[in-house]
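Here are some notes to read alongside the model, for anyone opening it for the first time. Keep the 3D view open and click through the residues as they come up.

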Amino acid sequence: MGGVQSERVLILGAAGRDFHNFNVVYRGNPGVHVVAFTATQIPKIAGRRYPAVLAGEGYPEGIPILPEAELEAIVRREEVTQVVLAYSDLPHARVMELGSRALAAGADFVLLGPDRTMLRATKPVIAVCAVRTGCGKSQTTRYVAQVLREAGLRTVAVRHPMPYGDLAAQAVQRLASYADLDAAGCTIEEREEYEAHIDVGTVVYAGVDYGAILAAAEQEADVILWDGGNNDIPFYRPDLWITVTDPFRAEHGRTYYPGAVNQRAASVIVINKASDAPPDQVATVVRHVAADNPTAVVIQAASSIHLPDPDAVKGQRVLLVEDGPTLTHGEMRFGVAQVAAQRYGATEIVDPRPAAVGSIRKVYEDFPHLGAVLPAMGYYPEQIAELEQTIRDTDCDLVLGGTPFDLPRLLKVDKPFQRVRYELDDLGEPTLRGVLATFLAKLPSRS
């Protein structure tokens, strides 16, 4: 790379925020050379390369993606001067563990802030974020999209990245149908986020290059809905910033990165699951928000459950298949399928762990907090096949699917199956609908 390089940078990531930070802050900067990305959280990412066509001038062979375990060795070998943390859903102690490793190896440890990494849109942006994975961000996003549709506004959802395949081919993805999902080879984790939007006619954009994605989305939207993943900070500067909290993990809005940023920076805080959580934990969230973000509008909401045939659950031995990321790095011990099983009278929750095979068995080893629940993991075809086999080999009467995507569309479920759906409902005043109505009333007229 030509010119004097004042910084040699290593970006710690998980195939999302890391690429965005590079594109926005470092790509084309002659004073910086990014020596590598590291990978964690998501399987089979390490060993790839960020392609030259996306990396731009100065990276004719692209940028290697290496295991995070090699952090110290990379810093020393490549004479790294800055280690940049660029992924999410980390306890604060883990952030400083990574910082200590970087510092001990001789490099600076850096967190890039919103002013450097948020892109400005020409259309209004509503961002929906969360303090943790599994708070109910997706159902909140669906709620917001419905209100926007009812207002006659063309709405495009831009989803936080999940680029698990060919990065160059996934630079800008427009997904408007199930055929688009099939053509893109979407994983279970991607389908969990995309299908519900597509079901109601909302076009989804995702990918790798969020500057190019924004330019495309602006061409067909009156309002852009940022559908934030994990508990990351928005990539686009929001005009309305909504953060969803979970009273079952009441302290996490203060103890996880960057969820604590979202709790402090949002203009609206939604306390989801408020009707089911212990009142003292709801009160804890209210107290924390009042101290950390006193100007935010605080809304209490419920996560309502819908089943095609609730009576069919009574007396059954059920296998619970729940949203994978919520259970794994979200650290939840249960999901919506368990709530449905208990509410509608299942006699037994069957433990799938004895039947788990391959990578599914390893998930239980890697996340020992998991109990008698099956996380719907499916980052690659072999893992999807192992999930299918685990379901097939589990002796149960009924499978309850709490994952947001339609499980039988992607794998064979050889047992009676019910899909548990869940939606956001307001509880009392103020309501999210009212907040959105006030926001929309202030938008410039489209006439």
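1. A good place to begin is a strand pairing. Thr245 has Ile271, in strand 15, as its bridge partner. Bear in mind as you look that this is a predicted model. Strand 15 covers residues 268–271 and pairs with strand 13 in the parallel sense, over four bridges.

2. Strand 13 has another neighbour too. Strand 8 (residues 125–130) runs parallel to strand 13 and is joined to it by five bridges. If you want one pair to click on, try Val128, whose bridge partner in strand 13 is Ile242.

3. Is strand 13 buried or exposed? Strand 13 spans residues 240–245, and six of its six residues are buried, so the rest of the structure largely encloses it. Leu240, Ile242 and Val244 point one way, while Trp241, Thr243 and Thr245 point the other way, and all are buried.

4. Next, the nonpolar cores. The largest one has 78 residues, and those touching the most other members are Val158, Tyr194, Trp226, Tyr236, Ile391 and Leu400. Take Tyr194: leaving aside residues up to four places away in sequence, Tyr194 touches Arg159, Met162, Gln173, Leu175, Leu181, Cys186, Val204 and Ala206. There is also a second, separate core of 26 residues, with Leu240, Val268, Leu436 and Phe439 among them.

5. Arg159, one of the residues Tyr194 touches, also forms a salt bridge. Its side chain meets that of Glu193, with N to O at 3.4 Å. This pair links distant parts of the chain, 34 residues apart: Arg159 sits in strand 9 (residues 155–159) and Glu193 in helix 8 (residues 188–199). Both Arg159 and Glu193 are buried.

6. Helix 8 has a salt bridge of its own. Glu195 pairs with Arg191, their closest N and O atoms being 3.9 Å apart. Both lie in helix 8, four residues apart, or about one turn of the helix. Arg191 is buried, and Glu195 is as well.

7. Which other residue does Glu195 meet in a salt bridge? The partner is Arg409, at 4.0 Å from N to O. Arg409 belongs to helix 17 (residues 407–410) and Glu195 to helix 8, so this pair ties together parts 214 residues apart in sequence. The two ends sit in contrasting surroundings: Arg409 is partly exposed, at 37% relative accessible area, whereas Glu195 is buried, at 0%. Salt bridges with shared partners also join Lys137, Arg159, Glu193 and Asp227 into one network. Overall, the structure holds 32 salt bridges.

8. Now the rings. The structure has eleven aromatic pairs. Why is the pair of Phe22 and Tyr59 called edge-to-face? Their ring centres are 5.6 Å apart and their planes are at 80 degrees, and over 60 counts as edge-to-face, so the label fits. Phe22 is in helix 1 (residues 17–26) and Tyr59 in the loop between helix 2 (52–55) and strand 4 (63–67), which puts them 37 residues apart. Phe22 is buried at 0% relative accessible area, and Tyr59 is buried at 3%. Ring pairs link both of them with Phe19, Phe37 and Tyr50 into a cluster.

9. Finally, two charges over rings. Arg132 lies over the face of Tyr256, 3.7 Å from the ring centre. Arg142 lies over the face of Tyr422, at 5.7 Å from the ring centre.

Notes: Residues numbered from 1 in each chain as written. Predicted model: local features only at pLDDT ≥ 70, side-chain atom pairs only at ≥ 80, totals over all residues. Heavy atoms only, no water. Helix = DSSP H or I, 4+ residues; strand = E, 2+ residues; numbered from the N terminus. Buried < 20%, exposed > 50% of the residue type's maximum accessible area, 1.4 Å probe, protein only. Phe/Tyr/Trp six-rings, centres within 6.5 Å; stacked < 30°, edge-to-face > 60°. Lys NZ or Arg CZ within 6 Å of the ring centre and 35° of its normal. Core = buried A, V, L, I, M, F, W, Y, C linked by side-chain atoms within 4.5 Å. Contact = heavy atoms within 4.5 Å. Pairing = 2+ DSSP bridges.
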